[in-house]
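Here are my notes on the model you sent round. Have the structure open while you read them.

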Amino acid sequence: MSFGGMYPDRTVPVLNQTIRVCHHCNGGWMAVLEDRVKPALIAMSGGDGRIVGPDGQRVLAQWLLKNAVVRELTTP
């Protein structure tokens with residue numbers, strides 16, 4: 001996976017991991033967060049999301065933090 005062509009020499013491995021979380025979290029706040037961040041990520045991947053307002057910045061930060069914590073807790 002590359003960083004959207006911005007840094008073609010930098011790559012990160014694709015994570016093929018399934019993380020088990022409780023049904024309440026997976027179907028609750030995590031699902032809501034994923035739904036909220038999806039439009040910003042799609043816009044950014046298409047090059048249309050270069051300007052993200054305060055609400056978009058907040059939801060992106062929350063999503064990134066959630067992913068960082070999950071990765072930290074699941075990386076051996």
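1. Start with confidence, since this is a predicted model. Strand E1, residues 2-3, is where the chain scores lowest, with a mean pLDDT of 40. At the other end of the scale sits H2, where confidence is highest at 87. For the chain overall, the mean pLDDT is 75, and 68% of the residues get to 70 or more. Where pLDDT is low, the predicted coordinates should not be read in detail. I'd keep that in mind for E1, given its mean of 40.

2. Now the overall layout. The chain has 3 helices and 2 strands, and going along the sequence they come in the order β-β-α-α-α. Of the contacts between residues at least 6 apart in sequence, 44% link residues at least 24 apart.

3. On burial and surface: the chain has 76 residues, and buried ones account for 14% of them. The exposed area comes to about 6,400 Å², with 59% of it supplied by carbon and sulfur atoms.

4. You may want to look at the second largest pocket. Its volume is about 200 Å³, and 10 residues line it. Nearest the centre of this pocket are Asn26, Met30, Glu34, Lys66 and Asn67. Which elements give two or more residues to the lining? They are helix H2 (29-45) and helix H3 (54-74). H3 provides the largest share, with 4 residues. Sorted by class, the lining has 6 nonpolar residues, 2 polar ones and 2 charged ones.

5. Next, Trp29, which is part of helix H2. Is this side chain's residue buried, exposed or partly exposed? Trp29 counts as partly exposed because its relative accessible area is 45%, and the partly exposed range runs between 20% and 50%. Leaving out residues up to four places away in sequence, Trp29 touches His24 and Lys66. Lys66 also turned up in point 4, as one of the residues nearest the centre of the second largest pocket.

6. Last one: Gly56, in helix H3. Its relative accessibility is 18%, so Gly56 counts as buried; the cut-off is under 20%. How far apart are the C-alpha atoms of Gly56 and Ala40? They are separated by 6.7 Å, while the two residues are 16 apart along the chain. Gly56 belongs to H3, the helix that also gives 4 residues to the lining of the second largest pocket.

Technical notes
Residues numbered from 1 in each chain as written. Predicted model: local features only at pLDDT ≥ 70, side-chain atom pairs only at ≥ 80, totals over all residues. Heavy atoms only, no water. 1 Å grid on protein atoms, 1.4 Å probe; cavity = no way out; pocket = protein on both sides within 12 Å on 5 of 7 lines; lining within 4 Å. Points joined across faces, edges and corners; volume = space filled by probe spheres on them. Nonpolar A, V, L, I, M, F, W, Y, C, P; charged D, E, K, R; others polar. Buried < 20%, exposed > 50% of the residue type's maximum accessible area, 1.4 Å probe, protein only. pLDDT = per-residue confidence, 0-100. Contact = heavy atoms within 4.5 Å. Areas by Shrake-Rupley, 256 points an atom, 1.4 Å probe, with all protein chains shown as cover.
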